Amino acid sequence: MAKKTLTNGEVAQILRTIADYLEIKGEIIYKALAYRRAADNILNLGRDINEIWREGKLRDIPGVGEALSKKLDELLSTGRLGYYEQLQEEIPPGVVELLAIPDVGPKTAKLLWERLGIASVAEAERAARQGQLRQLPGLGAKSEAKILAGIQALHRRSDRIPLGTAWPVAQEILMDLESGCPAVQRATAAGSLRRMKATIGDIDLLVASTEPEVVMEFFVNLPQVGEISLRGPTKTSVILHNGLQVDLRVLPPERYGSLLQYFTGSKAHNVALRGLAQSQGLSLSEYGFKRGQEEIICAEEEEVYGTLGLPWIPPELREDRGEIEAAQDGALPELIELADIQGDLHIHTDWSDGAVSLAQMAEAARARGYRYAVISDHSRSLGVARGLTAERLRQQRAEIERLNEGFNDFRLLQGAEVEIKADGSLDFPDEVLAELDVVVASLHSGLRQERERITARLISAMRNPHVDIIGHPLGRIIGQREESAIDIDAVLEVAAETGTILEVNATPARLDLDDVHIRRAIGMGVKLAINSDAHNVGGLAVMAYGVATARRGWAKAGDVVNTLPLDELLKLVGKQ
Ligand code: DGT
Ligand code: CA
Ligand code: CA
Ligand code: ZN
């Protein structure tokens, strides 16, 4: 039998699973981390690992040392790995799958397997329902309920990809198409990616060309492409080495507007738009309009909307949430843009868990064209993040003032990301908070508390007059952690009353608040701050995802405080 060629995604998955096995076995954590790091690097290679192997260059992959390169060589030449098979014999693969349940780590998985012989998520669910888990040492009725809720969340979870993962991949392919294939006249991302949804099912790309076969041939031969799942005259679907699916559609340039409009979606927006067309005696498809025998074709998207008597609607609004009615009434919002952002109000440095110095972060923020940036390192009780004591905070202030002497067009402000503790009190006393320019208060612990308790914690933080911003209010991590049980309506009411600013955390795994909550907040007059929460220089660039999310929530520049000039911002936070 011919050996199956493994994709980068499959190789990475095997390394990740080995890491999981090592953790369950209780091996030192560094071993597992090394496997995960290598897996990430293989996933992000941008070319076929089999080629690298044939060139004998496996050790050029970051994180691949001698031992791992031997294992990869065995895996890629035989399609099997003895070490992996041995682990699978020791511990059933279903035990590793338990780790996918939120709140189940390696210790718990091992416990369930050793004590109850549980070797699948289904078995864990059954045992939890029968009340068997609460009898295990270290677990209890509460943990049992959490595990059961985690299993239910797992059932609901799809394999959608975060926007921040899909976006750079799509941009790279678009650049390759535009610069490498002369037959390509225009190339654009469509679908949920163009609408900037927080998660993406697959990447849809569109090309205008009169030579579709040439474009398709170029596309399937890109180094990122793993396998071709569908090849047709106008549509080709592929799976990339990193596991993402990409659909490419090619149409002649004179119909590009209709194509772009149709495949940008959303489906709901298109259905509503088609209804409007019908009411005007028109039929609408991805090829253009028809009125009886007459055909109206559109090279630009503006013409599609224009034919229906509408202004162009920004893609982020196309969810059938009232945008067509607003367009008809001439009431589309003038959405915030990245260029409106004057500064970033939530940044970490190596004073807590960030990777770079104050000076480097300040320089990077200034280089982005910002007028100000707030350094908001963690407060003392967040031990894992090397939170600052009040004393260290004062030392940091001196350093910030020293740096400010070197700037004339930019100002570094001092803030902190202050823990909201389990009882709702803050991690710094009021006199320390009073010295800061901007105070961000966030929850990082007790995130699974029940609704009333966790809501009360947030509200008591908002009622502290020193607190300016609530950081990542709902606490979700996309694909990993559901949002906390917070009563968002109660929070919005108090925010409106106290003038507390709510964050739109732009980190792709968070995007918190999300689009729906942003729109509700704006409707209630609550102000927003779009922040990167950067922990390194590159992290500042996620601002674009936050702005896109705010646009999906119909936000205008006036709804977002970090579009203000410095003096107005300082006035707003009571510092001038
Ligand atoms: P995704 O990939 O799940 O994140 O979401 P989309 O919106 O990218 O959906 P996808 O990839 O299935 O299709 C891309 C666009 O094509 C979609 O937004 C609208 C359009 N489309 C696809 N199927 C249909 C359909 O059956 N009817 C209509 N009206 N439009 C469709
Ligand atoms: Ca899609
Ligand atoms: Ca698609
Ligand atoms: Zn933070």
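**A paired calcium site and the ligand 1 pocket**

Asp202 bridges two calcium ions, ligand 3 and ligand 2, which lie 3.7 Å apart. The model is predicted. The calcium ion designated ligand 3 is coordinated by side-chain oxygens (OD) of Asp202, Asp204 and Asp247, with Asp202 listed twice. Distances run from 2.3 to 2.7 Å. Along the chain, the donors of ligand 3 follow the spacing D-x1-D-x42-D. Asp204 belongs to strand β4 (residues 203-208) and Asp247 to strand β7 (residues 245-251), so the pair ties together parts that are 43 residues apart in sequence. Asp204 counts as buried because its relative accessibility, 11%, falls under 20%. Asp247 is also buried, with a relative accessible area of 5%.

Asp202 and Asp204 also belong to the surroundings of ligand 1. There, 16 residues make up the shell, and Arg160, Ser192, Gly201, Asp202 and Asp204 come nearest. The shell divides into three nonpolar, seven polar and six charged residues.

Oxygen atoms of ligand 1 take part in several polar contacts. A polar side-chain atom of Ser192 lies 2.5 Å from one ligand 1 oxygen atom. For Arg195, a polar side-chain atom lies 2.9 Å from an oxygen atom of ligand 1. Gly201 contributes a polar backbone atom, 2.8 Å from a ligand 1 oxygen. Taken alone, ligand 1 exposes 590 Å², of which the protein buries 72%. The elements giving two or more residues to the shell are α11 (191-194), α13 (256-264) and α14 (267-279). Domain 2 (161-251) and domain 3 (256-328) both give residues to this shell, so ligand 1 lies between them.

How values were computed. Residues numbered from 1 in each chain as written. Chains lettered and ligands numbered in written order. Predicted model: local features only at pLDDT ≥ 70, side-chain atom pairs only at ≥ 80, totals over all residues. Heavy atoms only, no water. Near = heavy atom within 4 Å. Polar contact = N/O pair within 3.5 Å; in protein donor to acceptor, adjacent residues only side chain to side chain. Areas by Shrake-Rupley, 256 points an atom, 1.4 Å probe, with all protein chains shown as cover. Helix = DSSP H or I, 4+ residues; strand = E, 2+ residues; numbered from the N terminus. Nonpolar A, V, L, I, M, F, W, Y, C, P; charged D, E, K, R; others polar. Domains from an automatic or database assignment. Donors = N, O, S within 2.8 Å, 3.2 Å for Na, K, Ca; no water. Buried < 20%, exposed > 50% of the residue type's maximum accessible area, 1.4 Å probe, protein only.
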